[in-house]
Amino acid sequence: MTSISTIVQNNKRLLRSIASIVLIKGAAVLVALLTIPAYMAYFSDNTVLGIWYSMLSILNLVVSFDLGLGNGLRNKLAYALEEGDEEGVRGYVSSSYIIVGIVSVAACILSFLVFPHIEWSVFFNIGSDDIKSSTLLLSVQVVFLGLMLQFSLKLIFSILYAQQRSELINATLLVSNTLVLVFVLVFPHAMPDDALLSLSVFYSVAINIPVLVLTLTVFSGSFRQYIPSPRCFDLSKAKAVLTLGLSFFFVQAAALVIGNTNEILITWFSDPADVVDYQIYYRIFSLFVTLFNLLTIPIWSAATQKLAQGNYSWIRKCHLLLLLIAAGLVLVMFALVPFLQAIVNIWLTGNSIVISPLFGLVFVVATGCI
């Protein structure tokens, strides 16, 4: 009992962060599960819904290649905060925001030049009878601009991760996803073109407003003295963030390609409507990845601080514990496969699909490898 009490006492901040994340992420999981049947009712055509999922997948993949800036800032900032290096914090924050801002503006300008010359109907493997080419182009452009704006704004997430305040990030994402869910429930559209374009516009607004509010709140409060400024741009700090970030980038890039190309590959080699079936399997088994991430997200920054303190024993114990938890979750997923059909029938009611146990096992193996 004494050892447990000591562990709790020494890791109070970390445990509070994990507890907050569990509560918020639990609500986020509920919203995610409700979103699929809501989407199916909103579009009334699985082909168009498949296009929506594929569009988000490929555009999220594009904007996620930040050269590791987010992870680089997160780790450099954790060290600087631990050492009380205010000048370093100011330099890292300003340099990162300026670099990301330049990249975002350049990407937006490039999209206006390139996107009109892409045959989006061919890209998404659909005919003009499903969605007009002009509507598809406008929807892609709107979502891309929204994601690029979020690309700049979400650097605030790295700052909060470095401070071990990841519960605020999860709360922000929960608000965004809830807004989208409410929209598709309240504003159904009879025409696929109207549905796709309206959702594209609202989605772009919903993913940015909460992050913008969070950014303004942080920089008007605890981080007021570190407001990004061109005067604080430091080339050496920018290089340091990029150099460290690139060490994460290749692993991050591989994970992003594996995790974000499934929808578009299904669209190309099968049919956009099959993306909906994939999403149903994915949503179920991704719950276990989400559960594991609940632990790793706050532990990341805590481990960075322990590394700065030279506390390698804490890091080794934490690593072993995470491996045991991961193994346990994989066993639970295997045990879940025989009950998938019943779960999906309850979840989707009238929109249920026929579950393949073989596909279920493939998802278990794929999720376990992640």
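**View 1. Oblique packing of helices H8 and H11 in the predicted model.** In this predicted model, the axes of helix H8 (residues 155–162) and helix H11 (residues 209–219) come within 10 Å and cross at roughly 50 degrees. Angles under 35 degrees count as roughly parallel and those from 65 to 115 as roughly perpendicular, and H8 and H11 are therefore oblique to each other. The crossing that these two helices, H8 and H11, make is left-handed. On the H8 side the contact is formed by Ile-156, Phe-157, Ile-159 and Leu-160, which meet Val-211, Leu-214, Thr-215, Val-218 and Phe-219 of H11. Sorted by class, the residues in the contact of H8 with H11 comprise 8 nonpolar and 1 polar, with no charged residues.

**View 2. Packing of helix H4 with helix H8.** Helix H4 (residues 69–83) packs with H8 at an angle of about 35 degrees, and the axes of the two helices lie 8 Å apart. The crossing in which H4 passes H8 is right-handed. From H4, the residues that make the contact are Gly-70, Leu-73, Arg-74, Leu-77, Ala-78 and Leu-81, while H8 contributes Leu-155, Ser-158, Ile-159, Tyr-161 and Ala-162. The contact of H4 with H8 divides by class into 8 nonpolar, 2 polar and 1 charged residues.

**View 3. Nonpolar cores and the surroundings of Ile-156.** The largest nonpolar core of the model has 93 residues, and Phe-43, Trp-52 and Ile-156 are those with the most contacts inside it. Helix H3 (residues 46–63) gives the most to this core, contributing 10 residues. A second core, separate from the largest one, has 6 residues, among them Ile-299, Ala-302, Ala-303 and Trp-314. When residues up to four places away in sequence are not counted, Ile-156 touches Tyr-97 as well as Val-211, Leu-214, Thr-215, Val-218 and Phe-219; Ile-156 belongs to the H8 side of the contact with H11 shown in View 1.

**View 4. The buried residue Ser-200 in helix H10.** Ser-200 lies in helix H10, which spans residues 192–206. Because buried means under 20% relative accessible area, Ser-200, at 0% relative accessibility, counts as buried. Leaving aside residues up to four places away in sequence, Ser-200 touches Trp-52, Ser-139, Val-142 and Val-143. Of these neighbours, Trp-52 is also one of the residues with the most contacts inside the largest nonpolar core.

Conventions. Residues numbered from 1 in each chain as written. Predicted model: local features only at pLDDT ≥ 70, side-chain atom pairs only at ≥ 80, totals over all residues. Heavy atoms only, no water. Axes fitted to C-alpha atoms, helices over the stretch in contact; angles between N-to-C directions. Helix = DSSP H or I, 4+ residues; strand = E, 2+ residues; numbered from the N terminus. Parallel < 35°, antiparallel > 145°, perpendicular 65-115°, else oblique. Left-handed = near helix turned anticlockwise from the far one by under 90°. Contact = heavy atoms within 4.5 Å. Nonpolar A, V, L, I, M, F, W, Y, C, P; charged D, E, K, R; others polar. Buried < 20%, exposed > 50% of the residue type's maximum accessible area, 1.4 Å probe, protein only. Core = buried A, V, L, I, M, F, W, Y, C linked by side-chain atoms within 4.5 Å.
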